[in-house]
Amino acid sequence: MPKVMRALAGVCAAIFAIVAAPSAFAQNVVTNGGFEGSNASWTTTGWGNGVPQRSGATAAGTGCVGATCLNVGDPGGQIYQDVVTTPGTTYTLTFWYRMSTAIDTPVELQALLSNGVPTGGGAGTCTGSCVFQTQTSVGAYTQATATYVATSASTRITFLGRNDPAVVFIDDVSFAPAAPVPTLSEWAMILLGLMLAGGAAFYLQRRQMMA
């Protein structure tokens, strides 16, 4: 009986490890992605820190005015962070954004991912390193996502924004390896584990009925 129980516990532990692996793998590599209390760990020109926030105490925001705010290197509307990445690994960028109101105009927000200094097409154009763009004003936090295959040991996450009459905000920025999909062999291990666990449970039940 103890041997069967130990085997059952081992099978269950193995199944749990396989199922839990994707969650453990997807670790956010951004520091202070929630902009809590300040924009520490980010390099900013023209971005401040305040409310409304999506979570925590504060968010990052810019009231940069004019189309030049969407030019890479413009002193008015840029915030970025260099993070450690593994070349060849697919990462998922996730963040939340909003404007002061749903009727602000003109507005624009771009997200760029690059190896070093990014390239972009400027206002109204999402080219080069740009992976996300919106010119639609939203008055409540909205989630945006993009995927990126790292090409070096460091990736730069850059946001460019403008809101001529008010402010555009970002919060809860995450950049994490995409959760791996179980391979056929891993699915086979899971199914085998379930079969063994079911067989062991059936065996224990019969032993108890015969005792």
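These legends go with three close-up views of a predicted model.

**View 1. Strand E6, wrapped up by its surroundings.** Here we zoom in on E6, which covers residues 107–114. Eight of its eight residues are buried, so the strand is largely enclosed by the rest of the structure. Look at one side and you'll find Val107, Leu109, Ala111 and Leu113. Flip to the other side and there are Glu108, Gln110, Leu112 and Ser114. Both faces are covered, with the residues on each of them buried.

**View 2. E6 and its two partner strands, E9 and E7.** Which strands does E6 pair with? One is E9 (residues 154–163), joined to E6 in the antiparallel sense over eight bridges. Another is E7 (residues 130–134), which also runs antiparallel to E6, with four bridges between them. Ala111 is a handy landmark in this view: its bridge partner in E9 is Phe159, while in E7 it stands opposite Phe132.

**View 3. Thr134, a tucked-in residue of strand E7.** Now we move along to Thr134, which sits in E7. Is this residue buried or exposed? Its relative accessibility is 9%, and buried means under 20%, so Thr134 counts as buried. Leaving aside residues up to four places away in sequence, Thr134 touches Tyr97, Val107, Glu108 and Leu109. Val107, Glu108 and Leu109 may ring a bell, since they turned up on the faces of E6 in the opening view. The side chain of Thr134 also has a polar atom 3.2 Å from the backbone nitrogen of Thr136.

Key:
Residues numbered from 1 in each chain as written. Predicted model: local features only at pLDDT ≥ 70, side-chain atom pairs only at ≥ 80, totals over all residues. Heavy atoms only, no water. Buried < 20%, exposed > 50% of the residue type's maximum accessible area, 1.4 Å probe, protein only. Pairing = 2+ DSSP bridges. Polar contact = N/O pair within 3.5 Å; in protein donor to acceptor, adjacent residues only side chain to side chain. Contact = heavy atoms within 4.5 Å.
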